[in-house]
Number of protein chains: 2
Amino acid sequence: MKKYQVVGIGNAMVDVLSTEEDAFLAENGIQKGIMQLIDMERAVDLYARVGPATEVSGGSAANTIAGIAHLGGRVGYVGKVKDDQLGRIFAHDLRAQGADFDTPPAAVDAAQETGRCIVLVTPDGERSMNTYLGVTEFLAPADIDPAQMAQADWIYLEGYRFDGPDSHAAFAKAVTACKGAGGKVSLTLSDPFCVERHRDAFRKMIDEDVDLLFCNRAELLSMYQTDDFDHALERAAAEVETVACTDSENGAHLMCAGQRRHVPATQVTIRDATGAGDMFAAGFLWGLSEGHDVDACGRMGCIAAGEVISHLGARATTDLKALFRQHGVI
Amino acid sequence: MKKYQVVGIGNAMVDVLSTEEDAFLAENGIQKGIMQLIDMERAVDLYARVGPATEVSGGSAANTIAGIAHLGGRVGYVGKVKDDQLGRIFAHDLRAQGADFDTPPAAVDAAQETGRCIVLVTPDGERSMNTYLGVTEFLAPADIDPAQMAQADWIYLEGYRFDGPDSHAAFAKAVTACKGAGGKVSLTLSDPFCVERHRDAFRKMIDEDVDLLFCNRAELLSMYQTDDFDHALERAAAEVETVACTDSENGAHLMCAGQRRHVPATQVTIRDATGAGDMFAAGFLWGLSEGHDVDACGRMGCIAAGEVISHLGARATTDLKALFRQHGVI
């Protein structure tokens, strides 16, 4: 048995959650429902405009890893924070959930701070993310421990992490070490505009290395530059063993060994959509690494996603295993 | 019309909220339901033991001031943060709610950091607070602007603020400036053990300066070192114009102009008791400064307290004025 079921690599972030009206988005030039990169100056300016906020640890892959840890999975995480108050909060929350997190923090005198994401939650539950990457942009190959990657059944790579100067080299190092030891590679496309920025690098990785691809409908269409969803799903399935594509209230479409399956979404009232995709991946990956079949994994993903969108914040607040039992999946 | 309906003076804190079982309190020597002062070393050690947490701006009087601002009241706040990430979070949240907050932050090279309170919420909704005061302990007379105090109909003094080397002198300066300009003084006793530590100073201030006293049952009994609640209430009422004493699920007992009144608590499911007293004071003070009678003020206090204990965190998340309307108080 390997030490880790899943090791995630992603952008380490603290979320700053604020509830705002749609008019606020319009006034501040924010496109609804996507992730936008912002610099420190814009982060300070935007923060001054938003209402009272709540701070919770976030980061897409970190949310997924925290979710698997919450389910009792053996997990590790790699991401860059600074040794500042927000960095200590991020590290605490992940470790307290049961994940290993040993990436050396950036020094106190680093020019940038720990990354944060100003998440504007509108009354419909949709979230619009404004990300100041800070030190997390500078994760480098030196931060990747090949021994750790070799000890993972799965590595989970965050698409957002394709932004940043050394990201591709860091991912390549992780993939080589993981695959060399018989591990498998999962990737999430993260965001349609992230796909726009890095389509070639995504394609190359999907063609060559990825065993399990997470995406949503918009990301998959962007990936293959088409409006034909079935076509895009088949193209992805031709390259990777398993595709798990979420589709909002329509649940998830799965492609595995040439077979297409559908899993319905769980019925919940959406309070805050932040973390839906991250928690889908958590449920799915946990199920897979525990030996469940792909249908069960899809259902676990949908149940976990349903839990996280029913409250503010991107990490589980109720017992996911108990929910799985209630739904009869375990 | 004075510029401010209420100016509060208190310990500026960020709350670190974590949900823990009762066994955790026992294992870590934490007395349930009260506030305990801890040093930096203990804060770091305890934080390492608690589960994943959520960070929200807190501070007792700051919660009250934020609540009055939420209701549309004209308010200011005085309290000490450091110019660090937590200090900027505290300042942002209070200003974003509409309160003036101009206390100069402690310098970046100060030995201590912005204060924080590790709040352990048990499944019964009770909160046990572990407070690292940090720089907020050192609020000094120089931080009090007499012109601001003179512009306040009411000042609201936080009992917790009696801890700290210059606290009493700072309060005296505020009281003199406020009363000299025809303003009134309200005080909250904050915590039974805080009363133990500073009984003489509390008594002196109650005898000489206080017009409106906020407390709960345990604090009032501690104040007059008696088990006889009616006696304690009468003793307080002999010294101050109005006493508003909360009594958990029994609502609040009011003494005003020699008359005793009772206001029932609103019926809610308790999720997190943090901020109940603070929000009672917010509703009561807002009502009073808007010219409502003491019964209506008591009901506003109970409704505001009921809102805040129904969710995690010590500040209102739903429209309090709408709740007041629903209950027919305005």
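Helices (H or I, at least four residues) and strands (E, at least two) are DSSP runs, numbered from the N terminus. With that in hand, let us work through some exercises together.

The model is predicted: local features need pLDDT of at least 70, side-chain atom pairs count only at pLDDT 80 or more, and totals for chains, interfaces and linings use all residues. Residues are numbered from 1 along each chain as its sequence is written, while chains are lettered from A and ligands numbered from 1 in the order in which they are written.

**Exercise 1. A helix in chain A**

Task: Describe α4 of chain A, then find the residue with positive phi that follows α4(A).

Solution:
- Step 1. Locate the helix: α4(A) covers residues 85–96, which makes 12 residues.
- Step 2. Check its span. From first C-alpha to last, α4(A) reaches 16 Å, close to the 16 Å expected at 1.5 Å a residue. The expected span is 1.5 Å times one less than the number of residues.
- Step 3. Look at burial. A residue is buried if 20 or more other C-beta atoms lie within 10 Å of its own, exposed if 12 or fewer, and partly exposed in between, with C-beta atoms placed from the backbone. By this rule nine of the 12 residues of α4(A) are buried, and the helix is mostly covered. Among them are A:F90, A:H92 and A:L94.
- Step 4. Move past the helix end: A:G98 follows α4(A) and has a positive phi, near 110°.

**Exercise 2. The open sheet of chain A**

Task: In what order do the nine strands of the open sheet in chain A lie, and which are the edge strands?

Solution:
- Step 1. Recall how sheets are held: strands pair through backbone hydrogen bonds, either parallel or antiparallel. Here two strands count as paired if DSSP finds at least two bridges between them.
- Step 2. Read the order: β6-β5-β1-β9-β10-β11-β12-β13-β14, with mixed pairing.
- Step 3. Find the edges: β6 (100–101) and β14 (259–263) of chain A each pair on one side only.
- Step 4. Walk inwards from β6(A). Two bridges join β5(A) and β6(A) in the parallel sense, and A:G76 has A:D100 as its bridge partner in β6(A).
- Step 5. Go on to β1(A), which pairs with β5(A) in the parallel sense over four bridges. In this pair A:G8 stands opposite A:Y77.
- Step 6. Continue to β9(A) (residues 152–158), parallel to β1(A) (residues 4–9) over five bridges. A:Y4 has A:A152 as its bridge partner.
- Step 7. Inspect the faces of β5(A) (residues 75–78). A:V75 and A:Y77 on one side, and A:G76 and A:V78 on the other, are all buried.

**Exercise 3. One threonine**

Task: Why does A:T246 count as buried, and which residues does A:T246 touch?

Solution:
- Step 1. Place the residue: A:T246 is found in β12(A), residues 242–246.
- Step 2. Count neighbours: A:T246 counts as buried because it has 25 C-beta neighbours inside 10 Å.
- Step 3. List contacts, meaning pairs whose C-beta atoms, placed from the backbone, lie within 7 Å. Leaving out residues up to four places away in sequence, A:T246 touches A:N216, A:A252, A:G277 and A:F280.

**Exercise 4. Hairpins in chain B**

Task: How are β12, β13 and β14 of chain B joined?

Solution:
- Step 1. β12(B) and β13(B) run antiparallel, with five bridges. B:V243 has B:M255 as its bridge partner.
- Step 2. Five residues lie between these strands in the hairpin, where B:S248 takes a positive phi near 50°.
- Step 3. β13(B) and β14(B) also pair in the antiparallel sense, over five bridges, and B:L254 stands opposite B:R261.
- Step 4. This second hairpin has two residues between the strands, and B:A257 takes a positive phi near 50°.

**Exercise 5. Two copies**

Task: How are chains A and B related?

Solution:
- Step 1. Superpose by least squares on the C-alpha atoms of residues with pLDDT of at least 70 in both copies. A turn of 180° and a shift of 0.0 Å along the axis lay chain B on chain A with an RMSD of 0.0 Å.
- Step 2. The copies are therefore related as by a two-fold rotation axis.
- Step 3. Compare surfaces: 100% of the contact residues of chain B recur in chain A.
- Step 4. Count the interface: 18 residues of chain B are in contact with 18 residues of chain A. The largest share of chain B's side, six residues, comes from α4(B).

Terms used:
Contact = placed C-beta atoms within 7 Å.
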